[in-house]
There are 2 protein chains.
Amino acid sequence: MTISREIRLKSRPEGMPTADNFELATTELPAPAQGELLVKNHYMSVDPYMRGRMIDRQSYLPPFQMNEPLEGGSVGEVVESNNENFKPGDMLLGMLGWREYFVSNGKGLMRFEPGDAPLQAFLGTLGMTGLTAYSGLLEVGKPKEGQTVFVSAASGAVGSIVSQIAKIKGCFVVGSAGSDEKAAWLKDVAGVDEAFNYKAVDNLFKTVNQLCPNGIDIYFENVGGKHLEAALEYMNPQGRLVMCGMISQYNATKPPQGPSNLDYVVAKQLTMQGFLVGNYFHKMQQFQADMGKWIAEGRITWKETVREGIENAPEAFIGLFKGQNFGKMIVKL
Amino acid sequence: MTISREIRLKSRPEGMPTADNFELATTELPAPAQGELLVKNHYMSVDPYMRGRMIDRQSYLPPFQMNEPLEGGSVGEVVESNNENFKPGDMLLGMLGWREYFVSNGKGLMRFEPGDAPLQAFLGTLGMTGLTAYSGLLEVGKPKEGQTVFVSAASGAVGSIVSQIAKIKGCFVVGSAGSDEKAAWLKDVAGVDEAFNYKAVDNLFKTVNQLCPNGIDIYFENVGGKHLEAALEYMNPQGRLVMCGMISQYNATKPPQGPSNLDYVVAKQLTMQGFLVGNYFHKMQQFQADMGKWIAEGRITWKETVREGIENAPEAFIGLFKGQNFGKMIVKL
């Protein structure tokens, strides 16, 4: 018998989530039956998109169920196995989530070899987050050398990788972030051309205009709201907007106002394309090869914000919407 | 010496244009010099996009200049020629606009053979309007047989051709129009599957939902505002929004509110693409061949609203924003 703690959704948040929306529950797991395995999670992924699954509506992923462990990315290790495909010590990636241990028949779990990389990187730069940045920028944005790429939430998990891949591809990269420290990291460590703290500028439009003297060819959207409006204003003709997320709107309690200058899509012949990483799993191998090489060459770096203990996962999640993460938000178990 | 009347922009409209924004001026044209020709216009094209050029801002086309004849599409005939490339009786298409006669060195004028088609059709179905519909739907929308295509301003010059090409391509076509008469024409004459008068429905969202039981795969945008919001609501995953125009916003005096549900672009992985017919001139020949065949087969029909006399051109233009046109708005000289 294994004692495991897990995070459940207790009530659906309205607006900004609060601790009350979550419950820390303790369960007793049976020993794995024939064909099953027992997995101990080491790290959990904490991601903004999970907010969407807390709403009771059909979307690209079904809504989270009440009083069930939250589904979320995790890195775990096989502790005990009665399944011939897995043996103790195997490292696993999966979406089985926000709990310390679980029993599984192995479906949906992917074995991987961590090599020299830190385990939690397989949730971030070497995992879904990295593939999101890679496929979004390269497959949807299609950057060309010398183009200007504007990235919102540029010090975030996805944004920071997008920014650095865009530099590798020879682009002029401008990033928006939510603190002076994050903006400084973007310029000094991640090596983007221009970065700013959007909370400290008088006029977002003016700043974007000044820092993108040749206009914007590709906008990588993580934020929505005024950032999208500013990007539309300075997009170059036939520019592309890669629509990855709109974190500023996830907790809206009334319908958010869309950009007032959306008519530029016509006048400038823009393409605004939404994408989900799930459609780019076929790029995984190429992504891992490229990313491994770039990391080895010292061309990609990243930040993590690590909270310890499953009991701190709700707080970590809520912190995403308050800019408390610097790079990828992770919970270490 | 030829006396010609022309329409000039007297002041830039704020909000809905009024007769006061225009001036009917009389000019005396000199005889054409060596290399020049004298052209008499027969028909002028009256188009919503011209509203954008009345604003003093840089866009895909330069703003109209004050106290100059408005540039706009016209069909004319060579009256006198001292240019070896043109001879009296030649029929010409050009953007030289809103005047009865003009002298030209021939630049930017295209000679054409009208054959059996009415002259004014070369401003509409057989001209720019038709190419806009054809390239927007086929090159940007990329319809497949069996898909649902929702068209706003579907009885308009562009919308009515889009709707019928979509039918030819085997799509389920739903059109929104601004009167019962227009909606009836769409169903009974143009042959779309469903059409409605948006001014008469209680709830645009409900109507769109009911008439598109399989969701929307392609939205052809001519209107903006609530139509765009309703389309976003019922778009199918990976659907395409062909952004041709947003007539509901052209006279806005304060920044219009964008769609509140733009986040569906991410969740449904939509592609929203603006386009201008100017980028599809290379499709002209293929367009003319296809369109000629479809018209001969009786598969494309169209409506025109014809005003007579250049003095009525401003009124015709203003009427576009009041839904006074049924199909293509034309001024006969």
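This section describes how the strands and helices of two chains, A and B, are arranged in a predicted model.

The central element is a sheet shared by both chains. It is an open sheet of 12 strands with mixed pairing. The order is β10(A)-β9(A)-β8(A)-β11(A)-β12(A)-β13(A)-β13(B)-β12(B)-β11(B)-β8(B)-β9(B)-β10(B). Its edge strands are β10 of chain A and β10 (194-197) of chain B, each of which pairs on one side only. Neighbouring strands are turned against each other by 15° on average, direction ignored. In general, the strands of a sheet pair through backbone hydrogen bonds, and the pairing is either parallel or antiparallel.

The two chains meet within this sheet at β13(A) and β13(B). Strand β13 of chain A covers residues 271-274 and runs antiparallel to β13(B), with three bridges between the two. One of the bridges links A:Met272 with B:Met272. The contact between the chains involves 31 residues of chain B and 31 residues of chain A. On the chain B side, β12 (235-243), α7 (264-267) and β13 (271-274) each supply at least two residues. The largest share, four residues, comes from β13(B). By class, this side of chain B has 16 nonpolar, 13 polar and two charged residues.

Further into chain A, β13(A) is joined to strand β12 (residues 235-243). These two strands run parallel and share four bridges. A:Val242 has A:Gln273 as its bridge partner in β13(A). Helix α2 (residues 128-141) of chain A packs on the sheet here. The helix touches β11 (216-221), β12 and β13 of chain A. Its direction makes about 145° with that of β12(A).

Helix α2(A) also packs against helix α8 (residues 284-296) of chain A. The angle is about 95° and the axes lie 10 Å apart. The two helices are therefore roughly perpendicular. A:Gly130, A:Leu131 and A:Tyr134 of α2(A) meet A:Met284, A:Phe287 and A:Met291 of α8(A). This contact has five nonpolar residues, one polar residue and no charged residues.

The chain A edge of the sheet contains a β-α-β unit. Strand β9 (residues 172-177) of chain A runs parallel to strand β10 (residues 194-197) of chain A, and four bridges join them. A:Gly175 is bridged to A:Ala195 in β10(A). Together with helix α4 (residues 180-190) of chain A, β9(A) and β10(A) make a right-handed unit of this kind.

Another helix pair in chain A consists of α5 (residues 204-211) and α6 (residues 226-234). Their axes are 9 Å apart and the packing angle is about 45°. This angle makes α5(A) oblique to α6(A). The crossing is right-handed. From α5(A), the contact residues are A:Leu204, A:Phe205, A:Val208 and A:Asn209. Their counterparts in α6(A) are A:Lys226, A:Ala230, A:Glu233 and A:Tyr234. By class, the contact of α5(A) with α6(A) has five nonpolar, one polar and two charged residues.

In chain B, helix α2 (residues 128-141) packs with helix α3 (residues 157-168). The axes come within 8 Å and cross at roughly 45°. That angle makes α2(B) oblique to α3(B). This crossing, too, is right-handed. On α2(B), the contact takes in B:Thr129, B:Gly130, B:Thr132, B:Ala133, B:Tyr134, B:Gly136 and B:Leu137. On α3(B), it takes in B:Ala157, B:Val158, B:Ile161, B:Val162, B:Ile165 and B:Ala166. Nine of the residues in the contact of α2(B) with α3(B) are nonpolar and four are polar, with no charged residues.

Chain A has further strand pairs. Strand β4 (residues 74-81) of chain A runs antiparallel to strand β5 (residues 91-94), and four bridges join them. The partner of A:Val75 in β5(A) is A:Leu93. β5(A) also pairs with strand β7 (residues 110-112) of chain A. This pairing is antiparallel over three bridges. In it, A:Leu92 is bridged to A:Arg111 of β7(A).

Methods: Residues are numbered from 1 along each chain as its sequence is written. Chains are lettered from A and ligands numbered from 1 in the order in which they are written. This is a predicted model: local features need pLDDT of at least 70, side-chain atom pairs count only at pLDDT 80 or more; totals for chains, interfaces and linings use all residues. Axes are lines fitted to C-alpha atoms, for helices over the stretch in contact, and angles run from 0 to 180 degrees between N-to-C directions. Angles under 35 degrees count as roughly parallel, over 145 as roughly antiparallel, 65 to 115 as roughly perpendicular and the rest as oblique. A crossing is left-handed if the near helix is turned anticlockwise from the far one by less than a right angle, and right-handed if clockwise. Two residues are in contact if their C-beta atoms, placed from the backbone, lie within 7 Å. Ala, Val, Leu, Ile, Met, Phe, Trp, Tyr, Cys and Pro count as nonpolar, Asp, Glu, Lys and Arg as charged, and the others, Gly among them, as polar. Two strands pair if DSSP finds at least two bridges between them. A crossover is right-handed if, with the strands pointing away from the viewer, the path from the first strand over the helix to the second runs clockwise.
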